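Could you take me through this structure, one selection at a time? I have the viewer open and would like to know what to click on next.

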Amino acid sequence: MMKLRLQEKIVCSILLVSMVVSVILSVVFYTNSVNVIEENYVSSVTDKLTVCAGMFDDIMKEAYYTAVNVSSDERVQRLIESYDEDSESALLDVLDSYRGSEINSIYCYLAEKELLLKATKSELVAQSCSEEDLAWLEQVTAEQENPLCPKYGTDETELLKKQSFLYTKPIFNADSDEAAAYIVVNVDERDIFFDCLQGYGDFSDSSSYITTPDGRIASGTNLKQLGQTAPEPDEHVLITSVTASLSEYQLTSIADRSVITGDIASTRNKIFFLALIFNLLAIVPILILVRRMMRPIKNLTETMAQVGQGDLSVRAEVYSDDEISRLSQGFNNMIQQVEDLIDELVTEKLLKKEAEIEALRYQITPHFMYNTLNSIKYAAILQNSSEIADQLEAFIELLQMSASDRGAFITVQQEIRMVQNYVKLQMFRYANSFTVSFDVLPEVEDCYIPGLLIQPLVENAILHGIDLKRSDGHITVRVFRDDRWLAIKVEDNGRGITAQDLALLMSGERRSKFSGIGVRNVRERLNLYYGEKGKLEFYSGESKGASAVITLPISHDAEEYTI
């Protein structure tokens, strides 16, 4: 899988966001436009259907009043009561006189005689009723809940079967409550269709029809659907309906959504295409802007690569005061700190080496010296001079321990052994004018400390602490510990140290060729190895002796504090 660089990721992200925003805006614009168009269309069609519903109610109202007027006309009632062949023609003429332009026909059904008188646009006729006629007449003359709502069905009395809207009114006998006849007023479905649905408004972009209160199609463009239940519409069509207030019939218009919103859909596609073109054209300025934005990052990356190769002298260029520039400045500060830390570490190592060399200045290290001294020792033994032989043996052991390559850290036991040999030589030199005692706890003998740490303090106590002219001088070397710290104390009962001399001693300034350097060396090595954890402190008062105390962390590993 191909990995993209940051610059390519930024460009792709901008283009992706731009395309997504364009698509979202186009979809929102298209959706809102479609909603507005559909709302306007529904409002317009509703207005048209409302007018058509009013016209339908007006025609039905005329038919209803015609049925009422005919059924209540005294002439019609007299002619029906005295009906015979002579009065038949007069009754047909009266019926025909009530038939208006919107009424297709008026029937008078004589139930007792099973005779139907018909006044239509084309003829005035009286005909005997067949079984089909009687069944139809029985159905249409039945009572209904809403007398203002016209009945709807197929006129079975006509040779050409056709759908019609009709009202029926009974004419009762004068001496009984039984109906002597029924007046049936018919309005042709085609007349309603042309007068209401096509006679007003423009429904050319949709299909419209009239439905009965029970959901059957009463009038519409498709004659095959008449009398059938109206189909359930789907989501692809837009339905607008208005119910006529008088007749309770419903006028419905169904339009294909794609036809209504076809123009706006084309506009949407154009917007998508233009958005794609604009985004492609925007690649060039985006690349230019991104490259300018990436320049500080590229510079910072190159600088980091150079630093990774070991060049700490390079610095990232700071272009402005934005986040990337602050990052570059922070990187520069970090490199400067790293460089300072490296310099400090190198300096510490150099100081350590110098301190170790300074410590070795107190040793007589050439191997040929203790080889020669061995020869002198054996000569002293041959001449029965055992004291000289003991001193030479202590001196040789001291030289061997000093010259051995055991590292910067040795055990407390080894350091004490070296100090004991050194003390033995000094006591011989000063005719046993002082004594030294060692108080070392067994549990500290295997602890590691820097080599030649105690010997300079013992030397300082001998040369500057006790009075060598007297024979009661005493030095005590104690090594003890607690849970975390190791303490080394070198104490004498000599003449003590004045405050001025103590300050000179701590500063490392020389007072003679035997003093100052060793103490300063001890203090510097403690600081190098242990930092603030290693301390050298002096306690004294005039004519009350002095003591030097070293405190440092306990360590059982010779390499733990090695630099």
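Before the first stop, one term is needed: a residue is called buried when its relative accessible area is under 20%, exposed when that value is over 50%, and partly exposed in between. Please also keep in mind that this is a predicted model.

**Stop 1: two cysteines.** Select C149. Its relative accessible area is 11%, so C149 is buried. Now select C447, which has 0% relative accessibility and therefore counts as buried. While you have cysteines on screen, note that the number of disulfides comes to zero.

**Stop 2: the six-stranded sheet.** Colour the strands β3, β2, β1, β6, β5 and β4, in that order, and you are walking across an open sheet with antiparallel pairing. At its edges are β3 (124–128) and β4 (151–154), and each of these pairs on one side only. From one strand to the next, the twist averages 30°.

Start from the β3 edge. Strand β2 (residues 115–120) runs antiparallel to β3, and five bridges join them. To see one such pairing, select L115 and look across to S128 in β3, its bridge partner. The two strands make a hairpin, with three residues between β2 and β3.

Then cross to the β4 edge. Here β4 is joined by four bridges to strand β5 (residues 163–172), again running antiparallel. Select T154 and you will find Q163 of β5 opposite.

**Stop 3: salt bridges.** The structure holds 13 of these. Begin with K121, whose salt bridge partner is D191; the closest N and O atoms are 3.6 Å apart. This pair connects distant parts of the chain, since K121 sits in the loop between β2 and β3 while D191 belongs to helix α5 (residues 189–197), 70 residues apart. How accessible is K121? With a relative accessible area of 47%, K121 is partly exposed. D191 is partly exposed too, at 21%.

Next, select K161 and E156. Their side chains meet in a salt bridge at 3.5 Å, N to O. E156 has a relative accessible area of 29%, so this residue is partly exposed.

For a group rather than a pair, select D439, R478, K489 and E491, which are linked in a network of salt bridges. Within the network, K489 and E491 form a salt bridge whose closest N and O atoms are 3.9 Å apart. K489 counts as partly exposed at 23% relative accessibility, and E491 counts as partly exposed at 29%.

**Stop 4: the five-stranded sheet.** Show β12, β14, β15, β17 and β16, the order of strands in another open sheet, this one with mixed pairing. Each edge strand, β12 (434–440) and β16 (535–540), has a single partner strand, so one side of each is left without a neighbour in the sheet. The twist here averages 10° from one strand to the next. Zoom in on β16 and strand β17 (residues 546–553), which pair in the antiparallel sense over six bridges. L536 is a good residue to pick: its bridge partner in β17 is I550.

**Stop 5: a nonpolar patch.** Finish on the surface by selecting F273, L274, L276, I277, F278, L280 and L281, which make a nonpolar patch of about 700 Å². F273 lies in helix α7 (residues 262–281). Is F273 buried or exposed? Its relative accessibility is 52%, so F273 counts as exposed.

Notes
Residues numbered from 1 in each chain as written. Predicted model: local features only at pLDDT ≥ 70, side-chain atom pairs only at ≥ 80, totals over all residues. Heavy atoms only, no water. Patch = residues over 30% accessible without salt bridge, like charges linked within 9 Å, V, L, I, M, F, W, Y side chains within 5 Å. Areas by Shrake-Rupley, 256 points an atom, 1.4 Å probe, with all protein chains shown as cover. Salt bridge = Lys/Arg side-chain N within 4 Å of Asp/Glu carboxyl O. Buried < 20%, exposed > 50% of the residue type's maximum accessible area, 1.4 Å probe, protein only. Pairing = 2+ DSSP bridges. Axes fitted to C-alpha atoms, helices over the stretch in contact; angles between N-to-C directions. Disulfide = S-S within 2.5 Å.
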